[in-house]
Amino acid sequence: MLLVGVFVVAPVALLVLSQRQTSSAISENAARSYGQSVAFLARQIDPDGPSVDRKTLALINRFAQMHRCLGVRILDASHTVLASTQPAEMGLPLPTSETSPKSVPKTVETLMRHKPGKGGELFAVRAPVGVEGEAYTHYVEVRFGRSALANSTASIQMLIVALLCAGAFLLLYGSMRKHFRSVKLIAQQLDQAATSSDIQLSSLRLVQAPDSLAEGWNRLIDRATEQEEELARSAASSELLAALDRTNSGDLAEAMRLVPTGVLLLSDSMTVIYANAMSCRVMGWSVDDESTWQMGTDDELSNDAVLIAEQIRACSEGGGGIGTTDCQLEMSDGSFYSVRINLMQTVHHSRRVIALIQDVSQQVRADKAREEFVSQVTHELRTPLTNIRAYAETLSSGMFDDPQVITECYNVITKETRRLSRLIEDILSISQLEVGTMQLVMDRVDLCQLLTESVRDVRGIAESKNIDLQLSLPPKSERVSGDRDKLAVVVNNLLGNALKYTPDNGQVVLSCKSENDALTVSVRDSGIGIAPSDHGRIFEKFQRAEDPDVLLETGTGIGLTTAQEIVRQHGGEITVVSKKGEGATFSFTLALDKSSVALQGASA
């Protein structure tokens with residue numbers, strides 16, 4: 001239909017339209033073209049010669065034949081016909097039926113007729129005879145009819161037809177070329193598949209699909225790829241089911257019993273075919289009694305098991321195809337379980353459901369703690385930076401001359417800078433702990449001096465809260481073998497926490513005592529205390545005690561984690577003794593440097 005429209009309907013319509021164009025529109029275009037020819041004719045006539053001359057008559061007759069005009073006249077200023085291609089007009093004035101000019105035209109003029117005149121005249125062209133710049137005494141008038149337009153109209157029609165045919169050919173060629181290109185590409189892909197033994201079906205797709213043929217080929221390849229993947233999944237399902245059938249005895253049975261992930265195999269009717277020890281524990285079934293393995297009514301299951309059963313039934317009864325569904329469920333005790341449900345099909349076309357149940361509570365808490373850590377770190381960084389900027393601007397403004405005010409500004413800037421430094425050290429330490437790159441630079445450390453410096457660093461914080469900060473050291477200065485900078489991080493973290501969680505007018509005591517070739521460092525405070533249930537939690541990364549009073553204070557949850565790991569790398573352990581509302585005591589023990597022990601033995 002497209003080709004019929006291009007080759008038949010369009011050319012015929014254009015030809016009919018061209019024939020029905022108004023004569024005035026065509027005449028105007030033709031008149032401009034013939035005006036130049038009439039002006040050239042006028043220049044060939046001798047203005048000083050006789051009125052009737054054979055040469056002149058021959059000239060105008062030849063012009064009339066060449067241009068298919070209705071007639072050619074030469075008239076004088078009184079509009080009397082001096083010479084004409086129609087001898088009967090010679091010597092007569094211009095007919096009254098025709099419009100005569102007021103005077104001899106000075107330039108080429110065109111007289112248009114909106115309706116054909118006598119003899120089918122459409123327009124007339126008049127041009128003066130004589131030398132330009134002199135008075136004109138004669139002029140030439142040429143009358144044109146439809147025959148004068150025959151050549152130009154036919155040429156236009158032929159040009160239109162030729163252009164339409166050329167356009168139709170180009171469209172047809174372009175369309176066929178796209179198809180030929182797709183056929184060539186498909187042939188190349190098939191040849192590649194024939195010569196390769198391990199080619200993947202997806203690689204046969206045409207990357208660029210220029211037409212419907214290539215798109216159809218790609219759909220065929222996609223369908224074949226889906227069927228191939230479905231067959232592979234069916235084979236994998238059969239292998240897995242066969243492996244599960246062998247789990248009732250031998251080493252594989254023992255491995256499945258000990259695996260920390262619950263494995264459930266169910267039929268399409270939700271009958272339990274296999275359940276390992278972990279899945280029985282989660283669902284509340286007896287491991288040794290298979291009669292209890294029922295995915296029946298919700299009354300037979302615990303509340304937490306009901307959530308898992310409902311999820312498995314929803315996926316199985318949802319009408320979906322073979323595939324995997326993942327979900328995460330929160331239990332009544334606040335724990336989280338990840339459930340992956342796999343719908344499989346055996347080689348006998350029967351459906352099986354395999355559910356993998358895993359306790360992800362620790363991971364969920366870690367993710368939540370990490371988010372809180374980022375928020376806390378942002379706050380911890382913003383607060384000291386804001387204070388430093390404010391006091392620096394105060395100093396730079398020059399508004400205060402009081403030395404006490406200036407000293408106070410410098411003290412605040414120094415304190416906030418140390419706070420930033422400790423935070424950055426904690427972040428770097430926890431980063432090193434995660435990647436396992438923390439290394440100790442061992443040396444003989446004067447622990448008493450280190451404790452004294454730590455107390456001096458936090459004295460300002462204690463005074464701001466009116467806390468009684470005490471330091472108790474042994475009579476003799478003792479040295480330990482360790483990394484001084486890392487030990488300073490431990491002491492600063494313990495002191496900082498004690499001051500943070502001790503209310504105003506409280507007490508914090510940092511003590512050190514020597515016993516059994518070791519030094520024991522303790523930080524005791526009269527603060528809010530720690531519930532025994534949180535003693536293990538506070539040493540976990542990004543974790544803090546679940547106490548509203550603790551949460552009122554900002555913290556990142558990495559200080560005690562870092563301190564514990566540093567002490568462990570020194571061969572010790574941080575211990576905590578505390579009850580809610582009764583303060584807390586954190587202690588760790590470090591071995592004395594062997595050279596110090598030897599010197600003490602010699603002096604004794």
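Let me start with a definition, since much of what follows leans on it: two strands pair if DSSP finds at least two bridges between them. Also, good morning, everyone, and please keep in mind that what you see here is a predicted model.

Let's go to a sheet near the end of the numbering I'll be using today. This is an open sheet of five strands, in the order S12-S14-S15-S17-S16, and its pairing is mixed. Which strands stand at its edges? Those are strand S12, residues 468-472, and S16; each has a single partner strand, so one side of each has no neighbour in the sheet. Ignoring direction, neighbouring strands here are turned against each other by 15° on average.

Now zoom in on S17, residues 584-591. On one side, S17 pairs with strand S15, residues 518-525, in the antiparallel sense, and eight bridges link the two. If you want a residue to find on your screen, look for Ser522, which stands opposite Ser587 of S17.

S17 also pairs with strand S16, residues 575-578, again in the antiparallel sense, over four bridges. Two positions let you follow the register along this pair. Val576 has Phe586 of S17 as its bridge partner, and Val577 stands opposite Thr585 in S17. As a reminder, side chains in a regular strand alternate between the two faces of the sheet.

What do S16 and S17 form together? They make a hairpin, with five residues between the strands. Gly581 sits in that turn, and its phi is positive, at about 80°.

While we are in this region, have a look at Val567, which lies in helix H14, residues 559-569. Is Val567 buried or exposed? Val567 counts as buried, because its relative accessibility is 0%. Val567 and Thr589 are 22 residues apart in sequence, while their C-alpha atoms are 8.4 Å apart in space.

Let's turn to the other sheet I want to show you. It is an open sheet of five strands as well, ordered S2-S1-S5-S4-S3, and here the pairing is antiparallel. Strand S2 (81-84) and strand S3 (109-112) stand at the edges; each has a single partner strand, so one side of each is left without a neighbour in the sheet. From one strand to the next, the twist averages 20°.

Inside this sheet, strand S1, residues 71-76, runs antiparallel to strand S5, residues 138-144, and six bridges join them. A charged pair to look up there is Arg73, which stands opposite Glu141 in S5.

Next, some backbone angles. Where is Arg68 found? Arg68 is in the loop between helix H3 (54-67) and S1. Its phi is near 50°, a positive value in a residue other than glycine. Arg68 counts as partly exposed, because its relative accessibility is 44%. Another non-glycine residue with a positive phi is Asn505, at near 70°. Asn505 is found in the loop between H12 and strand S14 (507-515). With a relative accessible area of 56%, Asn505 is exposed.

Helix H12 brings me to the cavity. The structure holds one cavity of 30 Å³ or more, and the largest cavity has a volume of about 30 Å³. Which residues line it? The lining is made of Arg422, Glu425, Asp426, Val489, Asn492 and Asn493. Helix H10 (403-435) and helix H12 (484-500) each supply at least two residues of that lining. By character, the lining residues divide into one nonpolar, two polar and three charged.

Last topic: the cysteines. How many disulfides does the structure hold? The count is zero. Take Cys327, which is in no disulfide: the nearest cysteine sulfur belongs to Cys315, 6.2 Å away. Cys327 is buried, with a relative accessible area of 15%. Then there is Cys448, whose closest cysteine sulfur is in Cys512, at 5.0 Å. Why is there no bond between Cys448 and Cys512? Because the two sulfurs are too far from each other at 5.0 Å; a disulfide would need them within 2.5 Å. Cys448 is buried too, at 7% relative accessible area.

That's my tour, so thanks for listening, and I'm happy to rotate the model to any of these spots.

Note on methods: Residues are numbered from 1 along each chain as its sequence is written. Side-chain values use heavy atoms; hydrogens and water are left out. On a 1 Å grid over the protein atoms alone, a cavity is a set of points where a 1.4 Å probe fits but cannot get out, and a pocket is an open set with protein on both sides within 12 Å along at least five of seven lines; lining residues have an atom within 4 Å of a point. Grid points are joined across faces, edges and corners, and a volume is the space filled by probe spheres set on the points. Buried means under 20% relative accessible area, exposed over 50%, partly exposed in between (1.4 Å probe, protein chains only). Axes are lines fitted to C-alpha atoms, for helices over the stretch in contact, and angles run from 0 to 180 degrees between N-to-C directions.
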